[in-house]
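Biologist: I am new to this structure. Please show it to me, and then let us discuss the terms used for it.

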Amino acid sequence: MITVYGEGRGFRVVWLLEEMGLPYQLRPVDLLAGVENDIEFLAINPAGFIPAIRDGDVSMVESIAIMEYLMARYGPTPLAPEPRDPAFPVYQQFLHLGEAGLAASMYFVVVARNSAPNAEGQTWKADQAQEVFDSRLGLVTRQLARSPYLAGETFTAADISVTYALELATRAGGVVLNEAERAYVARTTGREAYKRAMQTCHATRAWAAKASGQ
Ligand SMILES: N[C@@H](CCC(=O)N[C@@H](CS)C(=O)NCC(=O)O)C(=O)O
């Protein structure tokens, strides 16, 4: 049984597992309460960040790497185009851009805005991170003018990666998406696997409800 430790970007992993129909369990990790005494989690990831997974003897961190591992280990799956597929390069690009370009920069915007001790010192960094996010979002916008999903006509793991980043940006980063981007998020989050993942991920569900004012 695959165990997913923590939500946050772990939502990507849970969503992927739901798309692939693989059995798993979610083990909550409360970063706000502190993980110093969470011996079981620290044994999986001594660095203390989420998500992490355990799958038999395998322990891993990094949400995109975990998704790639799961698709390679338990695939093939239409969520990951084959390397010879013409869609592969753009798939690979957006799979990684979702974290390296979008979520990673937005995470620092959100953290700086919400918990920076020195507002002036942190603002410059947050602005830099916002600029990185905005420029990468431009690539998403351009791609969505070409096709309904980032790798073409078919939903892939790249859409899981980028959708998570766009939800982070809108729920916590004050980003307002344009009409095409909103329609895209409605398309990806309308999937049954997304809805099942939301049922599993209580903290993500509560966060989404709070952000939408429910
Ligand atoms: N690139 C990593 C980012 C992991 C990350 O920054 N996770 C956040 C929560 S979603 C976290 O654990 N932050 C606390 C920390 O880094 O100590 C991934 O995609 O998994």
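Modeller: The following exchange treats the ligand shell and the sheet. This is a predicted model, in which local features need pLDDT of at least 70, side-chain atom pairs count only at pLDDT 80 or more, and totals for chains, interfaces and linings use all residues. Residues are numbered from 1 along each chain as its sequence is written.

Biologist: What makes a residue part of the shell around the ligand?

Modeller: Its C-beta atom, placed from the backbone, lies within 6 Å of the molecule. In this model 13 residues surround the ligand, the closest being Gly8, Arg9, Phe49, Ile50 and Ser63. Helix H3 (63–74) and helix H4 (88–115) are the elements that give two or more residues to this shell, and H4 gives the most, with three. Helices are DSSP runs of H or I with at least four residues, strands are runs of E with at least two, and both are numbered from the N terminus.

Biologist: Why is the ligand said to lie between domain 1 and domain 2?

Modeller: Domain 1 (2–74) and domain 2 (88–211) both give residues to the shell, so the ligand lies between them. The domain bounds come from an automatic or database domain assignment.

Biologist: What makes S2 and S4 edge strands?

Modeller: Two strands pair if DSSP finds at least two bridges between them. Four strands form an open sheet in the order S2-S1-S3-S4, with mixed pairing. Strand S2 (24–27) and strand S4 (58–61) each pair on one side only.

Biologist: How do you know that S3 pairs with S4?

Modeller: Four bridges join strand S3 (residues 52–55) to S4, and the definition asks for at least two, so the strands pair. S3 and S4 run antiparallel, and Asp55 stands opposite Val58 in S4.
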